[in-house]
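Open your viewer and get ready to click along. We will go from stop to stop, with a selection to make at each one.

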Amino acid sequence: MLDKTKRGWWKSAVFYQIYPKSFLDTNGDGVGDIPGIIARLDYLQTLGVDGVWLSPVYDSPQADNGYDIADYRAIWPVMGTMADMERLIAEAKKRGISIIMDLVLNHTSDQHAWFQRALQSRDDPFHDYYIWRDGSPDAPPNDMRSVFGGPMWTYVPHLGQYYFHQFAPQQPDLNWAEPAVRQALYDMIRFWVDKGVEGFRLDVIDSIAKDPDRKITGNGPRLHEFLRELSCQALREPGLVTVGEAWGADVERARQYSAPDGSELSMVFQFEHMCLDQQPGGEKWDAIPLSLPALKQCVRRWQLGLHGQGWNSLFLDNHDLPRIVSRWGDEGTYRVPSAKMLATMLHGLEGTPFIYQGEELGMTNIRLPIGAYRDLETLNLYAERVAGGYDPRDVMASIHARSRDNARTPMQWSAEKNAGFSPAEPWLPVNPNYTEINARAEMADPDSVFWYYRDLIALRKRYPVLRDGAFTLLEPDSEELFAYTRETEREQLLVVCNFTGGTVPYTPPAAFAGAETLICNYGGLAGNVLRPYEAAMLYRRTAP
Ligand code: GLC
Ligand code: CA
């Protein structure tokens with residue numbers, strides 16, 4: 001087991017993200033809950049993960065599924081009680097699993113007591129916890145557009161002022177320039193550290209230092225100052241892991257966020273690779289085919305840029321992204337090999353892997369009629385684009401490919417009613433393919449995606465080259481293969497992945513002739529071709 005009191009333990013760890021609403025419902029209300037997570041800790045232990053990133057379970061009106069927090073120190077009653085949460089932390093710890101909570105520090109819910117006070121008058125001490133500008137109903141301070149559509153400003157008539165929100169109007173931005181706000185957040189963080197939480201995922205952390213007068217949201221001028229203060233005031237234990245979600249990070253900024261001295265965060269969670277299959281400068285809804293050479297160049301830049309100078313997280317899926325097997329793999333004939341191939345590509349890299357619930361089963365996207373979606377971003381997009389003259393069929397095609405609800409359908413535990421997720425009608429429909437794709441079936445099948453992930457996780461523990469090895473990209477121009485090596489003074493690893501559904505000629509570099517196969521989704525490479533979506537890791541020790 002990892003020694004989690006030491007800085008850097010997360011470099012050998014693998015995390016698993018839980019989206020609690022969709023994980024497991026134990027009391028029959030159609031919504032996942034904390035007792036449901038406790039009930040599946042043994043499953044996570046079998047998989048072999050070292051920690052869980054728990055999407056928000058705090059008290060919330062759920063405008064954005066908990067990313068709108070009304071009380072940071074209370075649990076949403078539908079999710080369970082504080083006693084359940086304490087039990088989860090303790091039971092997880094017994095199994096070597098750390099609980100990493102989601103910290104939403106950029107904004108609160110409009111139902112948070114601070115905002116309710118802020119609304120009362122301009123003179124209330126809590127007014128300055130948020131960002132206000134004077135104005136009249138028809139003249140917002142500027143034309144900034146919210147991430148979820150509509151203006152970033154909402155008018156409050158009795159104050160004669162607008163408040164600022166980068167996300168929904170129900171998510172007013174906190175004013176980090178106000179020292180009392182920062183202190184209140186640090187106190188709240190200590191509350192959770194004292195409960196035994198072993199780290200935090202920091203939601204949109206690169207947006208906290210906004211400067212709306214200059215139309216700055218990400219990477220504001222005081223960002224690194226705030227992060228250093230947060231780190232030394234609230235997160236001083238060297239073993240606490242902090243994962244900073246940063247859509248705007250480039251390699252250089254990421255080095256600063258994740259500087260090895262621990263002055264800011266443990267690692268960055270950035271999305272450059274996940275934005276490659278959309279029109280440059282466009283929106284995620286406007287997809288273009290992925291260029292494999294572009295993906296490889298991007299991965300290469302991050303691998304080389306952070307080696308020895310920072311730390312990255314590794315992921316292809318989360319609760320905001322469509323399912324990777326539907327996106328860059330093949331959700332049909334080659335669902336199983338392509339899911340394993342994508343995992344091989346990712347888990348061979350330097351960084352800390354994050355597996356999103358259901359990814360280890362190769363769960364796929366869903367196609368729902370618009371009325372069945374729950375995600376406010378998806379619903380706003382539909383309304384906005386249809387009003388703007390788009391063909392509704394095109395809008396639905398974008399939604400089917402890119403909606404966040406693709407990843408939020410309930411976990412598929414078994415072939416029983418509602419996929420074994422809940423005896424009641426789930427809050428979001430279950431993917432109809434649950435009769436075939438489910439945890440019970442996969443655990444009974446030694447060749448399943450599930451057991452392949454278990455093996456990948458175990459390899460990371462066994463071979464230091466997976467943590468430390470220097471990365472070299474092979475075949476940079478190939479449109480079909482993603483191949484690279486990792487190397488230390490003692491070990492060499494070759495990772496080779498066929499990104500296509502066809503057969504591709506391939507012979508490993510001579511140095512790997514006779515090397516050991518650590519893992520392969522076809523049981524072992526066959527001579528000089530790679531079969532559809534074939535992937536393998538070859539290994540040799542070069543010194544004792
Ligand atoms: C992050 C979360 C996303 C949420 C947004 C606003 O990007 O991952 O789910 O909607 O922040 O909190
Ligand atoms: Ca429930």
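Start with helix α12, residues 392–402, where Val395, Met396, Ser398, Ile399, His400 and Arg402 are buried. Here, buried means under 20% relative accessible area, exposed means over 50%, and partly exposed lies in between (1.4 Å probe, protein chains only). Helices are DSSP runs of H or I with at least four residues, strands are runs of E with at least two, and both are numbered from the N terminus.

Before you click further, note that this is a predicted model, in which local features need pLDDT of at least 70, side-chain atom pairs count only at pLDDT 80 or more, and totals for chains, interfaces and linings use all residues. Residues are numbered from 1 along each chain as its sequence is written, chains are lettered from A and ligands numbered from 1 in the order in which they are written, and side-chain values use heavy atoms, with hydrogens and water left out.

Stay with α12 and add α9 (324–327) and α11 (376–387) to your selection: the buried residues of α12 pack against both. Contact here means heavy atoms within 4.5 Å. Now select Asp391, which caps the N-terminal end of α12 with a side-chain oxygen 2.8 Å from the backbone nitrogen of Arg393.

Next, move to Ser422, in the loop between α12 and α13 (439–443). Is Ser422 buried or exposed? Its relative accessibility is 4%, so Ser422 counts as buried. Show its neighbours: leaving out residues up to four places away in sequence, Ser422 touches Asp25, Gly28, Gly30 and Lys417. The side chains of Ser422 and Asp25 are joined by a polar contact of 2.7 Å. A polar contact is a pair of N or O atoms within 3.5 Å; within protein, one must be able to donate a hydrogen and the other to accept it, and residues adjacent in sequence count only if both atoms are side-chain atoms.

Asp25 takes you to the calcium ion (ligand 2), whose protein donors are Asp25 (OD), Asn27 (OD1), Asp29 (OD), Val31 (O) and Asp33 (OD), lying 2.3 Å from it. Donors are N, O and S atoms within 2.8 Å of the metal (3.2 Å for Na, K and Ca); water is not among the atoms, so sites may look incomplete. Along the chain, the donors of the calcium ion follow the spacing D-x1-N-x1-D-x1-V-x1-D. Colour by accessibility: Asp25 counts as buried because its value is 5%, while Asp29, at 34%, counts as partly exposed.

Now select ligand 1. It is surrounded by 14 residues, the closest being Asp64, Asp203, Glu245, His319 and Asp320; a residue is near a molecule or strand if one of its heavy atoms lies within 4 Å of it. Try some distances: a polar side-chain atom of Asp64 lies 2.5 Å from an oxygen atom of ligand 1. For His107, a side-chain N or O atom is 3.0 Å from a ligand 1 oxygen, and for Arg201 the corresponding distance is 3.1 Å.

Finish with two loops. Glu475, between β14 (470–474) and β15 (481–487), has a phi near 45°, a positive value in a residue other than glycine. Glu475 counts as partly exposed because its relative accessibility is 40%. Tyr533, between β19 (529–530) and β20 (535–541), has a positive phi of about 55° although it is not a glycine. With a relative accessible area of 8%, Tyr533 is buried.
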